[in-house]
Amino acid sequence: SSDLLKCRIGPSVLNSDLSNLASESNRVLESGADYLHLDVMDGHFVPNITFGAPVVKCLRSKVPKGTYFDVHMMVSEPKKWIRDMEDAGCNRFVFHYESSYDNPMELIRHIREANMDVGVVINPKTPVSVVYPLIDHVDMVLVMTVEPGFGGQKFMNDMMPKVKDLRERYPSLDIEVDGGLSPATIDDAARAGANLIVAGTAVMKSDNPREVMQSLRDSVNKWIVYKEPAK
């Protein structure tokens with residue numbers, strides 16, 4: 001039921017000083033981040049290249065034990081990277097529906113066998129209904145609120161009906177949003193039903209990341225509480 005829903009904030013380190021990834025990650029973890037959102041891009045699925053398993057593995061040893069790595073795999077062949085990501089210490093392997101639409105169930109099985117949680121993500125142009133058959137088999141759904149591939153884009157409000165639709169159908173589902181989230185846009189996402197918030201620029205570029213994350217959290221909690229049926 002919806003009272004199991006928790007708000008979690010996962011800063012996206014893509015928008016940080018990537019040459020100081022460990023100190024940037026620790027800075028937001030110390031400021032109250034619930035998890036780290038790591039954007040892996042292969043230059044094929046998206047036009048950009050960021051980092052892969054070797055960087056994730058190095059970061060793993062530089063942050064507090066137990067830090068949760070939410071790894072967003074913007075790659076053409078997600079299956080190829082499952083073992084490497086398991087070895088690197090990835091906690092949740094989030095694959096793009098668009099990169100696996102031929103057999104997502106097989107991919108999910110392989111990720112589970114590698115002892116990672118599973119997330120599925122959809123691009124702005126992908127209809128939300130494609131994930132319905134997968135809901136019982138994944139741990140969360142990520143609705144992109146920008147075109148994937150680059151940080152710093154503007155939040156796409158017209159993606160909120162997807163979030164609302166998922167929340168109405170699946171009251172206890174973890175629904176993540178990623179792209180352009182900030183104190184200015186959070187209310188729309190929270191009202192629609194998102195409870196896992198990826199924030200890049202708004203958190204990483206702030207002089208006071210704790211304050212920004214608290215403001216995001218307050219907004220989400222307000223809507224989670226508001227939605228709960230009277231006991």
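Glu-24 touches Ser-16, Asp-17 and Met-204, leaving out residues up to four places away in sequence. Keep in mind that this is a predicted model. Glu-24 sits in helix H1, which covers residues 21-30. Is Glu-24 buried or exposed? Its relative accessibility is 14%, and buried means under 20%, so Glu-24 counts as buried.

Now look at one of those contacts, Ser-16. Ser-16 lies in the loop between E1 and H1. Its relative accessibility is 9%, so Ser-16 also falls under the 20% cut-off and counts as buried. With residues up to four places away set aside, Ser-16 touches Leu-21, Glu-24 and Met-204. Met-204 therefore appears in the contact list of Glu-24 and in that of Ser-16.

Staying with H1, which of its residues are buried? They are Leu-21, Glu-24, Ser-25, Asn-26, Val-28 and Leu-29. After H1 comes Gly-32, and its phi is positive, near 110°.

Next, the whole protein. How many helices and strands does the secondary structure contain? There are 8 helices and 8 strands. The radius of gyration is 16 Å, close to the 17 Å that the globule rule gives for 231 residues, so the protein is as compact as a globular protein of that length. The C-alpha trace spans about 45 × 45 × 30 Å along the principal axes.

Of the 231 residues, 55% count as buried. The protein exposes about 10,400 Å², and carbon and sulfur atoms supply 52% of that area. For contacts with a separation of 6 or more, 67% come from residues 24 or more positions apart. As for charge, there are 26 positive and 32 negative charges, and their mean positions are 2 Å apart.

Now to the strands, starting with E4 and E5. Strand E4 takes in residues 92-96, and it pairs with E5 in the parallel sense over 5 bridges. One of the bridge partnerships links Arg-92 to Asp-117 in E5. Strand E5 runs over residues 117-122 and is mostly covered, with 5 of its 6 residues buried.

Phe-95 belongs to E4. What is its relative accessibility? The value is 0%, so Phe-95 counts as buried. Leaving out residues up to four places away, Phe-95 touches Pro-78, Ser-100, Pro-104, Leu-107, Ile-108, Ile-111, Val-118, Gly-119, Val-120 and Val-121. Take Val-121 from that list: Phe-95 and Val-121 are 26 residues apart along the chain, and their C-alpha atoms are separated by 6.0 Å.

Just ahead of E5 in the chain is a loop worth pointing out. Asn-115 lies in the loop between helix H4, residues 104-113, and E5. Most residues other than glycine have a negative phi. Asn-115 is not a glycine, yet its phi is positive, about 60°. Is Asn-115 buried or exposed? Its relative accessible area is 67%, and exposed means over 50%, so Asn-115 is exposed.

Another loop gives the opposite result for accessibility. Val-75 lies in the loop between strand E3, residues 69-74, and helix H3, residues 82-88. Val-75 has a relative accessible area of 2%, so it is buried. Which residues does Val-75 contact, leaving aside neighbours within four places in sequence? They are Val-40, Asp-42, Phe-45, Trp-81 and Ser-99. Ala-192 is 117 residues away from Val-75 in sequence, and the C-alpha atoms of the two are 28 Å apart in space.

The last stop is strand E8, residues 196-199. Leu-196 and Val-198 point one way from E8, Ile-197 and Ala-199 point the other way, and all are buried. Which way do E1 and E8 run relative to each other? They run parallel, joined by 4 bridges, with E1 covering residues 8-11. Gly-10 has Val-198 in E8 as its bridge partner. Strand E7, residues 174-178, also runs parallel to E8, and 3 bridges join them. Here Glu-176 has Leu-196 in E8 as its bridge partner.

To go back to the start: Glu-24 is a buried residue of H1, and its contacts include Ser-16, which lies in the loop between E1 and H1. E1 in turn is joined to E8 by 4 bridges.

How values were computed:
Residues numbered from 1 in each chain as written. Predicted model: local features only at pLDDT ≥ 70, side-chain atom pairs only at ≥ 80, totals over all residues. Heavy atoms only, no water. Helix = DSSP H or I, 4+ residues; strand = E, 2+ residues; numbered from the N terminus. Rg over C-alpha atoms; globule rule 2.2 N^0.38 Å. Buried < 20%, exposed > 50% of the residue type's maximum accessible area, 1.4 Å probe, protein only. Contact = heavy atoms within 4.5 Å. Areas by Shrake-Rupley, 256 points an atom, 1.4 Å probe, with all protein chains shown as cover. Lys, Arg positive; Asp, Glu negative; His and termini not counted. Charge placed at Lys NZ, Arg CZ, Asp CG, Glu CD. Pairing = 2+ DSSP bridges.
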